[in-house]
Amino acid sequence: MTATIEEVLAKARGELGSYYPGKSKYGVWYGDRVNSGVYDSAPYCAMGLSWVFAQVGGLDIFPLHAYTPAGANWFKARGRWTTGIRGIHKGAIVFFDWPGAPNRISHVGIVESVNGDGSVNTIEFNTSGTAAGNQRNGRAVVRKRRKAYIVGFGSPAYSNATHTGNTGGVKYNPNGRSKVWIKAVQTKLKALGYNLGPSGVDGDLGKYTYDATRAFQKA
């Protein structure tokens, strides 16, 4: 079963204000899933989002994970990863790396909306309720406004065919790319002789376009 953006966001909003200084329900839940109690009090940003997607039947479009780099790699392996913040959209899974140890992706959240200045409003598990607190392990579920230290984002394949954020009404595919953007890429690929399949320049990022893009990148 694949979830919609609104189902996922509604479930995440229902957790706002939660605070777990010790064991978290998300860590306990995750530990039950993988048969290990070591996660009960562990940092739970990824486990919290895993819990959210699981509650709405969305673990087919979001990885069950506790280690944030593993979540980013899951999206990369499926061609649903974008480096940086350009093109970020409502429902995107955004990954962070703040200065200092552990010097890798170490936090994750979900985008609730996009602002005109390019920043995003997120719902994050296991962060601080203040700007000065521990952003990676603040033990609270809160809303944040973010722009800096974003490594990139994953785009779950939500069941709704298109979605719109605060993007001037431009419609996007579930992978976060607008049809106008995809058509521009397809036009260039076609001009270079790549096979776009029977649909041709249609604005959809299907198998032929994905394969052509990967072939172009490899070349």
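The exchange below goes through terms applied to this predicted model and the values behind them.

Residues are numbered from 1 along each chain as its sequence is written. The model is predicted, so local features need pLDDT of at least 70 and side-chain atom pairs pLDDT 80 or more, while totals for chains, interfaces and linings use all residues; side-chain values use heavy atoms, without hydrogens and water.

Me: Why is the contact of Tyr-30 and Tyr-39 called an edge-to-face aromatic pair?
Reply: Rings of Phe, Tyr and Trp (its six-membered ring) pair if their centres lie within 6.5 Å; planes under 30 degrees apart are stacked, over 60 edge-to-face and the rest tilted. Here the centres are 4.8 Å apart and the planes 75° apart, so both conditions hold. The search of the whole structure finds 14 aromatic pairs.

Me: Why is Tyr-30 called buried, and why is Tyr-39 called partly exposed?
Reply: Buried means under 20% relative accessible area, exposed over 50% and partly exposed in between (1.4 Å probe, protein chains only). Tyr-30 has 8%, and is therefore buried. Tyr-39 has 25%, and so counts as partly exposed.

Me: What makes Phe-75 and Phe-95 an edge-to-face pair?
Reply: Their centres are 6.4 Å apart and their planes 65° apart. The pair links distant parts of the chain, with Phe-75 in helix H4 (residues 68–77) and Phe-95 in strand S2 (residues 93–96), 20 residues apart. Helices (H or I, at least four residues) and strands (E, at least two) are DSSP runs, numbered from the N terminus. Both Phe-75 and Phe-95 are buried, and they belong to one aromatic cluster with Phe-53, Phe-62, Trp-74, Trp-81 and Tyr-158.

Me: How do you know that the charged end of Lys-76 sits over the ring of Trp-81?
Reply: The term requires NZ of Lys or CZ of Arg within 6 Å of the ring centre and within 35 degrees of the ring normal. The charged end of Lys-76 is 4.9 Å from the centre of the Trp-81 ring. Arg-146 is likewise listed over the ring of Phe-96, at 5.4 Å from its centre.

Me: What makes a set of residues a nonpolar core?
Reply: The members are buried Ala, Val, Leu, Ile, Met, Phe, Trp, Tyr and Cys residues joined through side-chain atoms within 4.5 Å. The largest such core has 34 residues, of which Ile-93 and Ile-110 touch the most other members. Helix H3 (45–55) is among the elements that give two or more residues, and its share of seven residues is the largest.

Me: Why is Ser-106 called buried?
Reply: Its relative accessible area is 9%, so Ser-106 falls on the buried side. Ser-106 is in the loop between S2 and S3, with its C-alpha atom 9.4 Å from that of Ala-46, 60 residues away along the chain.

Me: What makes the bond from Ala-101 to Pro-102, and the phi of Asn-103 and of Asn-126, worth listing?
Reply: Most residues other than glycine have a negative phi, and most peptide bonds are trans. The bond from Ala-101 to Pro-102 is cis, with omega near 15°. Asn-103 has a positive phi near 55°, and Asn-126 has one of about 65°. Asn-103 lies in the loop between S2 and S3 and, at 58% relative accessibility, counts as exposed. Asn-126 lies in strand S4 and, at 0%, counts as buried.
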